[in-house]
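Visitor: I'm new to this one, and I'd love a close look at a single part before anything else. Could you walk me through it?

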Amino acid sequence: MQDFTGQAGALYEGIRDLPIVSPHGHCDPAWFATDAPFANPASLLVVPDHYVFRMLYSQGVSLADLGVGVPGQGADPRAVFRLFAAHWHLFLGTPSRFWISYVLAQTLGIDTPLSAQTADAIYEQIADKLAQPAFRPRALFDQFGIEVLATTDGALDDLAHHQTIAASDWPGRVIPTFRPDGVLDPSDPEFLVNITHLGAITGEDIGTFDGYLTALRARRAMFKACGATATDHAIEVVHTQWLDAPDDVFQRVQQGTATPADAAAFYGHMLIEMAQMSVEDGLVMQIHGGSRRNTNAAVMAQYGRDKGADIPIAVDWVRGLDALLNRVGNTPGLTIILFTLDETTYARELAPMAGHWPCLRIGPPWWFHDSTAGIARYFDQVVETAGYHNLAGFNDDTRAFLSIPARHDMWRRGVALHLEQQVTRGVFDMTDARELAPLLATDLARGAYKVAT
Amino acid sequence: MQDFTGQAGALYEGIRDLPIVSPHGHCDPAWFATDAPFANPASLLVVPDHYVFRMLYSQGVSLADLGVGVPGQGADPRAVFRLFAAHWHLFLGTPSRFWISYVLAQTLGIDTPLSAQTADAIYEQIADKLAQPAFRPRALFDQFGIEVLATTDGALDDLAHHQTIAASDWPGRVIPTFRPDGVLDPSDPEFLVNITHLGAITGEDIGTFDGYLTALRARRAMFKACGATATDHAIEVVHTQWLDAPDDVFQRVQQGTATPADAAAFYGHMLIEMAQMSVEDGLVMQIHGGSRRNTNAAVMAQYGRDKGADIPIAVDWVRGLDALLNRVGNTPGLTIILFTLDETTYARELAPMAGHWPCLRIGPPWWFHDSTAGIARYFDQVVETAGYHNLAGFNDDTRAFLSIPARHDMWRRGVALHLEQQVTRGVFDMTDARELAPLLATDLARGAYKVAT
Amino acid sequence: MQDFTGQAGALYEGIRDLPIVSPHGHCDPAWFATDAPFANPASLLVVPDHYVFRMLYSQGVSLADLGVGVPGQGADPRAVFRLFAAHWHLFLGTPSRFWISYVLAQTLGIDTPLSAQTADAIYEQIADKLAQPAFRPRALFDQFGIEVLATTDGALDDLAHHQTIAASDWPGRVIPTFRPDGVLDPSDPEFLVNITHLGAITGEDIGTFDGYLTALRARRAMFKACGATATDHAIEVVHTQWLDAPDDVFQRVQQGTATPADAAAFYGHMLIEMAQMSVEDGLVMQIHGGSRRNTNAAVMAQYGRDKGADIPIAVDWVRGLDALLNRVGNTPGLTIILFTLDETTYARELAPMAGHWPCLRIGPPWWFHDSTAGIARYFDQVVETAGYHNLAGFNDDTRAFLSIPARHDMWRRGVALHLEQQVTRGVFDMTDARELAPLLATDLARGAYKVAT
């Protein structure tokens, strides 16, 4: 980690220890509901982290040997951790190395460098820690200084864990996020099963489009009652369109006669319906666009989803959101946060759009770009056109709970370096920079996600 | 503003006070024809500047309250200026803040920082200045050291203001630019009205394609006689194609039976006709490609064009200009200047194309990219493949007359920083850098636009 | 050239004099088979270098006057060199200027700056050198410290020069590369002629698809026997698809009834067949995607191919390689190296793909991006997601033999600057950087191309 000096150091010091605002991510609410100890170092740090095992797989390591998926179920966690440690050099230059080094040194207090030779000893050290009360999920949550942590939950989720947390005497704020992809996208193989389930748990008749909308509204209300402030939509191709007769398409979908074009049109329409419901209920709408999922069919068949084969594609935000924005984009109070993996859209599309439409905010650098250079490119390309107040601050977007402080720390370092550069360039002075630093570290996220307390 | 030291400072000092060559922009020629005082600070600095009001609108400020368009006609200019000043923090990090700060400090002599509290006092100070003879348009033009200023004028414009200026005893050189979009693009709702008008003012029979071409030639000749050295074409999708029977399509357009594909084909053909006329008459052809105009239908309906909702889209210059270049691209003496909002085309398309085709020059960073970081990205991505001599120098492209010195100053600072970096990297030495600096500041623009005196 | 100091200097010193590993390029094997002296300075440095004459052509210099192609055959080489020297200023800021300056100063020992005035004297100095034994191809090869040099050879090439080299007592390692575009792509006007030739030299019946595949296998085996370790594919639009009945399309192609869609489908299928053959025979597969060739029809007609009018286009690697990767991408031992001219795919597509698929490696910055800023952008955009071990090291990809040391030197400088920046940022320390430097300079190339001795 870089030792900051001078202006960047002063700016970093001013925000380093601010609370962590984490309004979007993929932690498991069960951790905080049950507060059970984490099982072992491999299942905590290696097995669930697709950043980690994708890199090992790209260099010929077997996913099964890494304990991944059904084929990996019998793997010895010590062997998994050893295999990971033996390939630690592959991560040189990647943010994963920064995050994991930070976790090992700062959170777990390991001062030995990781290598094939030290793997077993470090495994034991971590295992010892995980058995201690101070390393249970709630204790770490408190120690990390997390002000609020949003999970991401399918539209059909019963939110039982969130209710357990709320009913407990632990004051940690863990809130759900409404993720309805599976009940909006007719091209999902489970779509009909999902909407049948949707009808069942809401008591609505999903045989009609109106009943289907009513059921969706009911689920959104349930999420909101459990603390949700936002929805989230992961779409491969960004496409919205308004249908005059959505029920016709909906009927064809249910009868199994819908074409792929029907499915795309319907999904594009439903995104607008979601935006309209956000106007009604105030939930912030997040759109994560442009990830082509599960591109490796053999890995998908053997190991399932989220196995490192999701690859970005080019995105057209301008035409893709045209119908949605022209239906609701001028509505006061609506907030839509856009996330892209196609960095070419930062300056070309997202910054000009967010610099015009009142509803739009630009999400932070996402996924592959949540990194030192990625953060620098982001600021370089969005600020001049969008300013700072059209950004949504930071979110860590992680399922690797232990890495949350490391990820916010990388962002805060990036903020400090960016602001120092602006001061050096004469864009503004240190007084301005000192006001912008906490805005970028916490306040923009609080505001954009409506999670300020 | 950054205080330059060292080599960048020396390079900047050498070009800071060179004359301003402004071969493309959107100033109103009436200002210089009538030389009337500017009305008030708001109508000068806020109301016409879409960079400014789009940002305020993106953060929830009403366009009507800002005095924009028909709905804003009754707005009190003092209230407009106050509203702008109260949101001044939104512009941190944007070039608008640099430009406006420069205008306030350097041109208007305001030494109080702008804020809600100081708005009224500053308004009065500016209003006082605007009433003085030294702040009339011609006096400012002279004070700014403008060598030549090109306006942009519809093909049907009578150029009366330009004629008034030429007939006056004021020596300022204000020249028109031929902008024929409205008489070339059949998808423009006013196209038939426009070409009828074209026939009327030229006395040509626009019922035939030949007559239509003759009328266009007549207008180009008229512009040239009034000092024009260039044409300008703003096109959303870059597309050219040569039609063997353009008259057939032209007839369908006039009869109202043309399809959208007909309209696109015809427009693509007419761009080639324009290039061919440039071969004949020597007018430099500018193509500004890839801005999707008026993307916010509600704002367009209420407030009209140019209201901050023009958003860039991805551009394919290679296939888009294929037909045009293969018809005229090897012709000696022809100059075509390309402007992009899709920065991905700098290195991928424009630099290789300009580094091959004799007619092509790359225009400076345009619109959202006319900024400190935008200029740095431009040099980083075009120079290695296109060299410097295939660039068209700078143009300010503004309707904000007072900001012209600020915009050229930002470019000259960017030139100095870029050249210093090249020297540091050992790409060339300070002797080379000292020769390149005035080339980039003024000489390339003089040459590319044929405005050298 | 930059004088390095500090950490970059130390890193550069450590790799500057390593052997040159050149696993992909376009040198003529006849040079090393015959070891004849190079003819004259113009035919060595100007006439064959499309980087050089494209720039001169873009500024109005006639290709014929530069000795290019059939129209230039009668040109006096002294006049050609003089014309080039008179335009030397056009290359300021380009890598060509670095390469040629390096060749003149380091390889040819010229210490006079190049200009119109010095052109004739420098011409004589170079001509004198070229007549000396030390400047013959084999002597230069040895002096340059080239460990291995791969040429690029059409699938129908008899490899006689390579056999001559192998049979000689000179130990230089010059190996061929199998480039089958002309026998795979039915849209090539010579395709039918080529495959007839293919049948004749292999003795296979190319009337059937199976015979055609057998003939291709025979040629690959022949290349491998002559030392080849790789194939190379130059494709404009990246497209692969698996055909269930390729013979049907192959018959239509042979009968002249294939549609353009047939041709594209067949070519897309054949790329997968090539990948499958690479699984069988171990040849590394290179794909150079996204160059639109010969875009200037008049130049093509008069001067032929490779005349500076090849222009990059946007590429979609994700969908384009989907069929190929899902057929062979998980096979152990297979290596596919991807080269792009569309830098937007570095971070968006290539780094995530290479960071997942075991077979993929990212080729170095190619063509217009093989430059100081291009190398910096490459590292900035690929490393964080792909790491270093998914890169293929460097290759010079040149037909300008004398420039090979200059090109590797530029890369090694870029490596040193990048690693220094990583150390400064705290990404890793100098110990790591010292290990990565030779990896990037030579070892990754040796491994990816299987040319380690």
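Take C:L338: which residue in β11(C) stands opposite it?

Guide: That would be C:I362. Before we look around it, some housekeeping. Residues are numbered from 1 along each chain as its sequence is written, while chains are lettered from A and ligands numbered from 1 in the order in which they are written. The model is predicted, so local features need pLDDT of at least 70 and side-chain atom pairs count only at pLDDT 80 or more, while totals for chains, interfaces and linings use all residues.

Now to the strand itself. C:L338 points one way from β10(C) together with C:I336 and C:T340, while C:I337 and C:F339 point the other way. Strands here are DSSP runs of E with at least two residues, helices are runs of H or I with at least four, and both are numbered from the N terminus. Strand β10 of chain C covers residues 336-340, and five of its five residues are buried, so the rest of the structure largely encloses it. Buried means that 20 or more other C-beta atoms lie within 10 Å of the residue's own; with 12 or fewer it is exposed, in between it is partly exposed, and the C-beta atoms are placed from the backbone.

What about the neighbours? Strands of a sheet pair through backbone hydrogen bonds, either parallel or antiparallel. Two strands count as paired if DSSP finds at least two bridges between them. β10(C) is joined by five bridges to strand β7 of chain C (residues 284-289), and the two run parallel. In that pairing, C:F339 of β10(C) has C:H288 opposite. There is also parallel pairing, over three bridges, between β10(C) and strand β11 of chain C (residues 360-362). Here you meet C:L338 and C:I362 again, standing opposite each other. To get from β10(C) to β11(C), the chain passes through helix α18 of chain C (residues 344-354), making a right-handed β-α-β crossover. Right-handed means that, with the strands pointing away from you, the path from the first strand over the helix to the second runs clockwise.

Let's stay at C:T344 for a moment. Among the residues of chain C, C:T344 comes closest to the rotation axis, with its C-alpha at 3.9 Å. And that axis? A turn of 120° and a shift of 0.0 Å along the axis lay chain C on chain A with an RMSD of 0.0 Å. The two copies are thus related as by a three-fold rotation axis. For this, copies are superposed by least squares on the C-alpha atoms of residues with pLDDT of at least 70 in both. The copies use different surfaces, though: 3% of the contact residues of chain C recur in chain A. Contact means C-beta atoms, placed from the backbone, that lie within 7 Å.

Step over to chain B, and you find 34 of its residues in contact with 34 residues of chain A. On chain B's side, the elements giving two or more residues are α4 (50-58), α15 (297-303), β9 (311-312) and α19 (372-386). The largest share there, four residues, comes from α4(B).

One more sheet for the road: in chain B, an open sheet of three strands has the order β1-β2-β4, with parallel pairing. Its edges are β1 (20-22) and β4 (174-175), each with a single partner strand, so one side of each has no neighbour in the sheet. β4(B) is joined to strand β2 of chain B (residues 146-150) by two bridges, with B:V174 as the bridge partner of B:L149.

How values were computed
Contact = placed C-beta atoms within 7 Å.
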